[in-house]
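Student: I would like to work through this model with you, beginning at its ligand and moving on to its strands. Could we take it one question at a time?

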Amino acid sequence: MRNGFRYQGALQPADPITSHAAQPAVELQHVARRFGAVEALAGVSLNVRRGEFFSLLGPSGCGKTTLLRIIAGLDLPDSGNVRIGGVESLRLPAWKRPVNTVFQSYALFPHLCVSENIAFGLRMKRQAAKDIVRRVAAVMDLTQITSLAGRHPHELSGGQRQRVALARAIVNEPAVLLLDEPLGALDAKLRKELQTELRQLQRRLGTTFIHVTHDQDEAFAISDRVALMHAGRVAQLGTPEDLYEHPKTRFVAEFIGSCNSMEGKFFSRSGALLEVDTPLGRLQVELPSTAIELAERERLHVGIRPERISLEGGSAGDNRFLGKVEAIVSNGPESHIQVRAGQTLLNVVELNSGRRSVGLFVGDSVEVSLPPANLFLMED
Ligand code: ATP
């Protein structure tokens with residue numbers, strides 16, 4: 001049995017010990033790829049752990065699909081190395097790699113019905129007919145398409161087709177499932193539903209999933225870890241929480257959610273507490289241990305998420321000053337408030353369940369506080 005995939009309705013989560021064994025599912029070392037003048041990948045190194053849901057996230061053209069195609073064996077890098085399950089894989093053709101890919105475009109065979117589409121790969125591998133029937137039935141059950149078994153692709157909705165494409169890929173029991181924007185063609189509501197299903201499916205199978213998307217919400221909703229890519233490089237790799245709470249560069253902070261950022265100049269440090277001069281004055285910044293390496297760089301950027309700014313006074317050490325409300329836009333659950341302090345315009349978000357934002361008006365003076373632990377430091 002490979003990778004925890006158990007059939008006959010006895011699907012259980014993969015054994016946490018084996019699924020997180022030391023050997024990564026995929027190792028990429030200095031993978032570089034050029035297309036003429038375009039540097040699609042500028043030396044990407046990363047490891048994907050066994051049994052994790054890993055997303056490659058980034059803006060259009062940053063190299064996500066190229067990287068996925070290289071893992072799949074559909075393209076070759078100019079240099080660098082790819083190991084899958086500890087095996088050097090660059091010389092292996094796509095069909096010999098223990099991976100399967102699900103594309104946005106479904107790529108189903110139009111003349112075959114759902115169950116035949118799913119069975120196709122197993123037939124090609126000359127599996128015993130009895131096994132094929134059993135395995136196809138199990139994945140149709142898992143992906144909730146049993147009732148569609150006899151339909152042809154043109155008789156299915158987009159969401160149903162994508163389920164068939166998923167079933168067709170997982171029936172082969174790949175060690176790694178590659179997903180290239182698999183939900184990209186679906187409307188927002190269906191997309192959200194399938195995100196949840198995809199996550200549950202991955203948990204049940206224990207298979208390593210590598211998923212490409214440019215949608216931050218999607219990557220954060222379903223991934224254990226995310227590699228945010230920018231211009232052919234990994235800008236930052238970590239859990240969704242790491243990327244949100246401790247972005248290392250302005251690009252990361254701004255791609256993931258919104259961020260107030262301003263230039264800063266290091267002034268002093270006492271343990272994890274820094275003083276940084278900014279256009280808002282001297283601010284105290286409390287650093288997590290992971291960001292200590294940034295501490296004494298002379299030029300920095302200081303950032304804070306809009307919902308981490310308080311307009312209710314409170315204990316923010318010295319990081320307190322007066323501001324003036326310039327605009328308020330309420331979208332139901334939240335109020336987006338622009339507050340000017342000197343030359344700096346801060347974006348603040350408050351939940352409308354609170355009393356205070358409701359009571360604010362354009363032109364009001366407010367006490368702004370930036371709790372030191374909510375500020376972070378970034379490189380350019
Ligand atoms: P998207 O989200 O738009 O799919 P992406 O992050 O997946 O983008 P890639 O498709 O990997 O980006 O492309 C990276 C860069 O390489 C882009 O500038 C793209 O135009 C270029 N590129 C990719 N494939 C080729 C090719 N076959 N020939 C020429 N240029 C290519």
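Student: Which residues are around the ligand?

Tutor: Bear in mind that this is a predicted model. Counting a residue as near when one of its heavy atoms lies within 4 Å, the shell includes a run from the stretch that leads into α2 (64–72). The residues around the ligand are F35, V38, A40, P59, S60, G61, C62, G63, K64, T65 and T66.

Student: Which element gives the most residues to this shell around the ligand?

Tutor: The elements that give two or more residues to the shell are β2 (38–48) and α2 (64–72). By character, the shell residues divide into 5 nonpolar, 5 polar and 1 charged. The element that gives the most, with 3 residues, is α2.

Student: How far is an oxygen atom of the ligand from an N or O atom in the side chain of S60?

Tutor: Polar contacts are taken as pairs of N or O atoms within 3.5 Å, and several residues of the shell can be examined on that basis. A backbone N or O atom of G61 lies 2.8 Å from a ligand oxygen, while for a side-chain N or O atom of T65 the distance to a ligand oxygen is 2.7 Å. For the side chain of S60, the distance is 2.6 Å.

Student: How much of the accessible area that the ligand has on its own does the protein cover?

Tutor: The contacts just described include one from the side chain of T65, at 2.7 Å from an oxygen atom of the ligand. On its own the ligand has 630 Å² of accessible area. The share of that area covered by the protein is 57%.

Student: Why is α2 largely enclosed by the rest of the structure, and which of its residues are buried?

Tutor: Buried here means under 20% relative accessible area. Because 7 of the 9 residues of α2 are buried, the helix is largely enclosed by the rest of the structure. Just after α2, G73 takes a positive phi of about 90 degrees. The buried residues of the helix are K64, T66, L67, L68, I70, I71 and A72.

Student: In the hairpin of β1 and β2, which residue takes a positive phi?

Tutor: Strand β1 (residues 26–35) pairs with β2 in the antiparallel sense over 8 bridges, and within this pairing R33 stands opposite L41. The hairpin has 2 residues between its strands. The residue with a positive phi, near 60 degrees, is G36.

Student: Which strands stand at the edges of the open sheet of 5 strands?

Tutor: The strands of this open sheet follow the order β13-β12-β11-β14-β19, with antiparallel pairing. Two of them have a single partner strand each, so one side of each is left without a neighbour in the sheet. The strands at the edges are β13 (281–286) and β19 (376–378).

Student: Along strand β16, which residues point to one face and are buried?

Tutor: In a regular strand the side chains alternate between the two faces of the sheet. Strand β16 (residues 334–341) shows this alternation, with E334, H336, Q338 and R340 pointing to the face where they are not buried. The residues that point to the other face and are buried are S335, I337, V339 and A341.

Student: Over how many bridges do β16 and β17 pair?

Tutor: On one side, β15 (residues 320–330) pairs with β16 in the antiparallel sense over 6 bridges, and I328 stands opposite I337. In the pairing with β17 (residues 344–351), which is antiparallel, R340 stands opposite L345. The number of bridges between β16 and β17 is 8.

Terms used. Residues are numbered from 1 along each chain as its sequence is written. This is a predicted model: local features need pLDDT of at least 70, side-chain atom pairs count only at pLDDT 80 or more; totals for chains, interfaces and linings use all residues. Side-chain values use heavy atoms; hydrogens and water are left out. A polar contact is a pair of N or O atoms within 3.5 Å; within protein, one must be able to donate a hydrogen and the other to accept it, and residues adjacent in sequence count only if both atoms are side-chain atoms. Accessible areas come from the Shrake-Rupley method with a 1.4 Å probe; for residues, only the protein chains shown count as cover. Helices (H or I, at least four residues) and strands (E, at least two) are DSSP runs, numbered from the N terminus. Ala, Val, Leu, Ile, Met, Phe, Trp, Tyr, Cys and Pro count as nonpolar, Asp, Glu, Lys and Arg as charged, and the others, Gly among them, as polar. Two strands pair if DSSP finds at least two bridges between them. Buried means under 20% relative accessible area, exposed over 50%, partly exposed in between (1.4 Å probe, protein chains only).
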